[in-house]
Amino acid sequence: MIKIDNLHKKYGKNKILTGVDLEIPEKGIFAILGPNGSGKTTMIKSILGMVVPEKGDIFIDGQKTHSNGLYRKNIDYLPQIANFPGNLGVKELIKMIKDLRDTKADENALIQRFGLTPFLDKKLSNLSGGTKQKVNLVLTFMFDSQIIILDEPTTGLDPVALLNLKELIAEEKAKGKTILVTSHIMSFVEGIADEIVFLLEGKIYFKGSIQQLREKTNEVDLEHAIANILKENNA
Amino acid sequence: MLKILKYSFYDLIRSRWSYVYLLFYLILGFVLLFLNNDLSKAVITLMNVIIILVPLIGTIFGVMYYYNSKEFTELLLAQPIKRSSIFIGQYLGVALSLVMSLVIGLGLPFVLYGLFESSAIWDFSLLLITGAMLTMIFTALAFNIALYNENKIKGFSYAILLWLFLAVIYDGLFLLSLIIFETYPLDKFTLIATVFNPIDLSRILILLKLDISALLGYTGAIFNQFFGTSIGLFSALGMLLLWIILPVWNIKRKAQKKDF
Amino acid sequence: MQKAAQYSLLLLFVFSSHFSSVFSQIEVCKTCPIKTIKEGIKQAKPHQKVTVKAGVYKEHMILIDKPITLFTNEKVTIDGEDKDDIIQVLADSVTIDGFKIINVGSSHVTDYSAIRVDRSKHFLIQNIELRNIFFGIMLAKAKHGTIRNVNVYGDAVHQHSSGNAIHLWHSNHILIEHNTLVKSRDGIYLEFSDDCIISNNLSKDNLRYGLHFMFSNRDEYRNNTFENNGAGVAVMFSKEIQMHDNHFQFNWGSASYGLLLKEINDADIVGNTFEQNTIGINVEGTNRINYKNNTFKRNGWAIKVNGACYENVFTQNNFLYNSFDVSYNSKMNNNSFNENFWSGYTGYDLDDNGFGDIPYRPVKLFSYVVNRTPNTIILMRSLFVDIIDFSESVSPAFTPDNLMDERPLMKQVK
């Protein structure tokens, strides 16, 4: 369970989060939505301790997060942009991350799943964006942590991979994990999310199930519901 | 931290630039010895290289590595690793690989030319130690600059400026102020001004070996106390060490507060 | 044949008449009839030998007023008990050989010495060891004498309360050789003393100078070593001094130099080695001096010229790794610096004639700056200083623009 308590963050004068309170339940898939610059990534990075908040606390399983970052041992994180040291090979990268985390990992099934076998000895700088993202996914899912945080997991994926990803997420959910996702692809979110949070101007605008959101906005599909919220707010 | 150091180090060792750097020193060493065939003279020329080029290369390499390994850093930041370990590990990886290139690149030609039988071995070792320390210092300074500047171009410009300032401009100002205020007792000022520039400090460390007779030509009591005894050598080395520790400490401090 | 026989008879006669006095020697010892050196000298006839046997003789003011040989080959110590002069030589043809002489009196009025030679000729002082002295050997208006193998180990601390190991005043044609002179005020001091030869001495750790000339002409010193003195050798107000094959080394300190030349004309400085001195040669007011085949190695300043020097010629010298090769305090130059080897020379020799194709300027702008503001020495060999030196060498503004070696050697002079 993740609990966020009165989280504030600004970059320079630019206020990103202005008092976010949130509880993410133990099990299920939880989607964070919001327009560009609404603070989705900042929130995720705060949970991960990559961003240092001005104010506010974050608790994971009742434990306050510590600046040494060692609590990340129980979190698998998929970063938004798949950037890797260019002169490493795929295999080396996987080996390195395993070595650094020093926990049990099962990468082979994932490699198979995403068809990465032919790329194992290639250097990361020579891979396409989609392939890199697949490597990114392998690195995230190969560990068996209770909390999984996915920042834009669909970026650059082909339909087959996307399907694979959905299956994968579903499997993890079945294991009873906490999964946190941000995405722009509403259909993707719609398909998987149990609950969504809508961030707007640094605050939580809405929190609840997709069904509740539809009712609130009187729109049938999520995309329109969101557009509706944004229009209302700009007006 | 050791793991990060290991990966950064391997990463660099396999990069083209380390080889270029190594090759540069190898060629320099051989050419110097080939042209002069005289260790003592080569040591003098090398001093110039060490106090000018080593800081420059340390600075540029440091900034470059920091910006280039941003992805690696971000990858690491999501792992259960302390921030200080990530940055200090990376810093040590860069600094040590540079130091290694320097020591091997310069050491090899000199060893082949009979350094171990030569009396220049102490001067030469001092030269390498100073070079190693300057590398550590300027890489640390570069990391500081990069940590404070997200913008690559800005970071590079500041790094070059820093080098230019410490290598040339500082001494120009120093010389001017000594001449302008020549009627005042300047012993203390001189010593302090030297301590605040690691390049000057290293230069003096080497001067203590090369030009001790000229340095002793000066009446100032502090001067003679400093230069005439081994206190000078050790306090200069100590100050250089401080020049490494402070920036590294600041890397750690800044890294703790920074957002990624 | 007969004539030859006559001569040899005559010779025999001459010798035998002297036999009784010359070859019957006088012995001094603690158990002999003659117990003191003074008594021995008193009993001796001219040209007789006084042999002293082992022991400590507490005597001072031993006057030698006739041509005798005072000799020992045993361990003899003459202890002057800090009173006044210990031995005074007042006659010609005196030899003093083999003694250890200690405890000379010290005074602010009189220059007490271990051995004083006063207005005498043809003396020989050799194999002498001096300890705890004020002045060691003092020659006043002496001529044609030799001082050889004298070992002085002084304990000088202050210049004003110490004397010189060997001191010459108005003494000409003296040979001073193979002496070791340590820790006095001056190792050897010459004042108004001409035509002396000083060779193969070691003079070190002296407070002031290893060797010091004042108003002395036509002297020659060669093959000496001057080491770690207040300053190596000072040659002042003298003419036609020959300086050959000496070593000047480790003379370190703020006012220290290997060789000081002040008001010197027509001298030759040839084949000397100046190594690791603060200043190799400090020159002031010298004319027509030839510097040839000298090696200047790792000095602070190889040559520091303080003005009023004309028609000096520097050629075939090696300048090796000095902090500054030549320093001038003015823009005037009337001296020639051609055909030397400079380790700082970076030119080339395309026509392969052994001389560099572009001239070398041994005077750097920075040396001028350091002369003005000594503290700036701290910036030596910095990039900034290299830059200003370079620009000065392109267009001299502060240093003499005609001071250059037009034909710098590509190889060291052997």
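# A tour of chains A, B and C

Select Ile128(C): its bridge partner in S13(C) is Val150(C). This is a predicted model, in which local features need pLDDT of at least 70 and side-chain atom pairs count only at pLDDT 80 or more, while totals for chains, interfaces and linings use all residues. Residues are numbered from 1 along each chain as its sequence is written, and chains are lettered from A and ligands numbered from 1 in the order in which they are written.

**Stop 1: strands around S11(C)**

Stay with the starting pair and widen the selection. Strand S13 of chain C covers residues 146–153, and seven bridges tie S11(C) to S13(C) in parallel. Helices (H or I, at least four residues) and strands (E, at least two) are DSSP runs, numbered from the N terminus. Two strands count as paired if DSSP finds at least two bridges between them.

Now show strand S11, residues 124–131 of chain C, together with strand S8, residues 95–97 of chain C; three bridges link them, and they run parallel. Pick Thr95(C): Leu124(C) in S11(C) is its bridge partner. Next comes strand S9 of chain C, residues 100–102, which also pairs with S11(C) in the parallel sense, over three bridges. Here Lys100(C) has Glu129(C) in S11(C) as its bridge partner.

**Stop 2: S35(C)**

Jump to residues 324–328 of chain C. This is strand S35, mostly covered, with five of its five residues buried. A residue is buried if 20 or more other C-beta atoms lie within 10 Å of its own, exposed if 12 or fewer, and partly exposed in between, with C-beta atoms placed from the backbone. Add strand S32 of chain C, residues 301–305: four bridges join S32(C) to S35(C), and the two run parallel. Click Lys304(C) to find Ser327(C) opposite, in S35(C).

**Stop 3: all of chain C**

Zoom out. Chain C holds four helices and 36 strands. Its C-alpha trace spans about 85 × 60 × 30 Å along the principal axes. Of its 414 residues, 45% are buried. Among contacts in chain C with a separation of 6 or more, 45% are between residues 24 or more positions apart. Two residues are in contact if their C-beta atoms, placed from the backbone, lie within 7 Å.

Color by domain. The assignment gives chain C domain 1 (24–229) and domain 2 (231–238 + 252–414); such bounds come from an automatic or database domain assignment. The centres of domain 1 and domain 2 of chain C, taken over C-alpha atoms, are 39 Å apart. Domain 1 of chain C brings 11 residues to the contact, and domain 2 of chain C brings eight. Select residues 209–214 of chain C: this is strand S20, which supplies the largest share of domain 1's side, six residues. That side of domain 1 of chain C has six nonpolar, five polar and no charged residues. Ala, Val, Leu, Ile, Met, Phe, Trp, Tyr, Cys and Pro count as nonpolar, Asp, Glu, Lys and Arg as charged, and the others, Gly among them, as polar.

**Stop 4: where B meets C**

Two pairs of chains touch, and chains B and C have the most contacts. Here 29 residues of chain B contact 27 residues of chain C. On chain B, select helix H3 (39–68), helix H7 (152–180), helix H8 (187–195), helix H9 (198–210) and helix H10 (212–215): each supplies at least two residues of the side that touches chain C. H7(B) gives the most, eight residues. The side of chain B that touches chain C divides into 16 nonpolar, seven polar and six charged residues.

**Stop 5: spans of chain B**

An unreviewed UniProt entry lists "transmembrane region" for several spans of chain B, including residues 88–112 and 124–148. UniProt positions are given in the numbering used here, feature names are shortened, and annotations may be inferred rather than shown by experiment. Residues 88–112 of chain B are 100% helix and 0% strand, with end C-alpha atoms 35 Å apart. Residues 124–148 of chain B are likewise 100% helix and 0% strand, and their end C-alpha atoms lie 36 Å apart.

**Stop 6: chain A**

At the boundary with chain B, 21 residues of chain A contact 21 residues of chain B. Helix H1 (40–48) and helix H2 (90–101) of chain A each supply at least two residues of chain A's side. H2(A) gives the most, four residues. That side of chain A has 11 nonpolar, five polar and five charged residues. Chain A and chain C share no contact; their closest C-alpha atoms lie 37 Å apart.

Finish inside chain A. Four strands form an open sheet in the order S2-S1-S4-S5, with antiparallel pairing. Strand S2 (14–24) and strand S5 (63–64) of chain A are the edges, each with a single partner strand, so one side of each has no neighbour in the sheet. Strand S4 of chain A, residues 55–60, meets S5(A) through two bridges, antiparallel. Last click: Ile60(A), whose bridge partner in S5(A) is Gln63(A).
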